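User: I have a chain in front of me and would like to learn how to read it. Can we go feature by feature?

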Amino acid sequence: MKLSYLTAIVIGTLCVSAGAEPNANSATTQAPSAEASAVPNSVAAEDQPGPDDISPQFGWTPGVTSLRIVGQKFGQPRFMNSAPNHHVVYVYKVSDGRFVSCLFDSSGMLVRTRVLTPAK
């Protein structure tokens, strides 16, 4: 199955968040192997906002802001996917035309927000 560009970005975001690698034949992720290397320091730990978190631009605080609050701001997500660790990624198209991904933990609290930029 060939993945759309947006789906591939979201799966990549999930993989970085969950420490897994994407499976090109499906829209799921696989657990990392025992030989997998450590996640680089520039990538946020699973439940940490990380250096590229843009939540403050919207007045949100990771760990405090809920899925309901984000939904009130952006409306219905364009895409949703869940990871094996019970985290969920929602992708929204915001008013300026950008796509924004919001990662939520299993309790529905915001972990981080990122802008999705197309590869050139």
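Analyst: Start with burial across the whole chain. Buried residues make up 35% of the 120 residues here. Keep in mind that this is a predicted model.

User: How much surface does the chain expose, and what share comes from carbon and sulfur atoms?
Analyst: The chain exposes about 7100 Å². Carbon and sulfur atoms supply 54% of that area.

User: With a prediction, I want to know about confidence. What is the mean pLDDT of the chain?
Analyst: pLDDT is the predictor's confidence in each residue, from 0 to 100. The mean for this chain is 72. Residues at 70 or more make up 59% of the chain. Then look for weak stretches. Residues 1-6 stay under 50, and the model gives them 12 contacts beyond four places in sequence. Residues 14-43 are also below 50, with 37 contacts beyond near neighbours in sequence.

User: Next, the secondary structure. How many helices and strands are there?
Analyst: The chain has two helices and six strands. Along the sequence, the order is α-β-β-α-β-β-β-β.

User: What share of the contacts links residues 24 or more positions apart?
Analyst: Set a minimum separation, then ask how much is long-range. Among contacts with a separation of 6 or more, 47% join residues 24 or more positions apart.

User: Now the strands. How do β3 and β4 run, and how many bridges join them?
Analyst: For any strand pair, read the direction, the bridges and then the turn. β3 and β4 run antiparallel, joined by four bridges. Within this pairing, N81 stands opposite V89 in β4. The two strands form a hairpin with five residues between them.

User: Which residue in that turn has a positive phi?
Analyst: It is H86, at about 70°. Most residues other than glycine have a negative phi. H86 is a residue other than glycine, yet its phi is positive. H86 lies in the loop between β3 (79-82) and β4 (88-93).

User: Is H86 buried or exposed?
Analyst: Exposed means over 50% relative accessible area. H86 has 57% relative accessibility, so it counts as exposed.

User: How do β4 and β5 pair?
Analyst: They pair in the antiparallel sense, over six bridges. One bridge links V88 to F104 in β5. These strands also form a hairpin, with five residues between them. G97 in the turn has a positive phi of about 90°.

User: And how do β5 and β6 pair?
Analyst: Their pairing is antiparallel over six bridges. F104 stands opposite L110 in β6. Five residues separate the strands of this hairpin, and G108 in the turn has a positive phi of about 90°.

User: What does M109 touch in the loop between β5 and β6?
Analyst: To read a loop residue, check its exposure, then its distant partners. M109 sits in that loop. Its relative accessible area is 26%, so M109 is partly exposed. Leaving out residues up to four places away in sequence, M109 touches G63, V64, T65, S66, L103 and F104. M109 and L67 are 42 residues apart in sequence, but their C-alpha atoms are 6.2 Å apart.

User: Where is the largest nonpolar core, and which residues touch the most other members?
Analyst: List the members, then trace them to elements. The largest nonpolar core has 13 residues. W60, V70, F74, Y92, C102 and F104 touch the most other members. α2 (67-74), β4 and β5 (99-104) each give two or more residues to this core. There is also a second, separate core of five residues, including V89, V91, V111 and L116.

User: Which residues does Y92 touch?
Analyst: Beyond four places in sequence, its contacts include L67, V70, G71 and F74. R98, F99, V100 and C102 are also among them.

User: How many residues of β4 and of β6 are buried?
Analyst: Count residue by residue along each strand. In β4, five of six are buried, and the strand is mostly covered. In β6, six of seven are buried, so that strand is largely enclosed by the rest of the structure.

User: What about a charged-looking case: is R114 buried or exposed?
Analyst: Buried means under 20% relative accessible area. R114 has 12% relative accessibility, so it counts as buried. R114 is in strand β6 (residues 110-116). For a buried side chain, look for a polar partner. The R114 side chain makes a polar contact with the side chain of D52, at 3.1 Å.

Key: Residues numbered from 1 in each chain as written. Predicted model: local features only at pLDDT ≥ 70, side-chain atom pairs only at ≥ 80, totals over all residues. Heavy atoms only, no water. Buried < 20%, exposed > 50% of the residue type's maximum accessible area, 1.4 Å probe, protein only. Polar contact = N/O pair within 3.5 Å; in protein donor to acceptor, adjacent residues only side chain to side chain. Contact = heavy atoms within 4.5 Å. Core = buried A, V, L, I, M, F, W, Y, C linked by side-chain atoms within 4.5 Å. Areas by Shrake-Rupley, 256 points an atom, 1.4 Å probe, with all protein chains shown as cover. Pairing = 2+ DSSP bridges.
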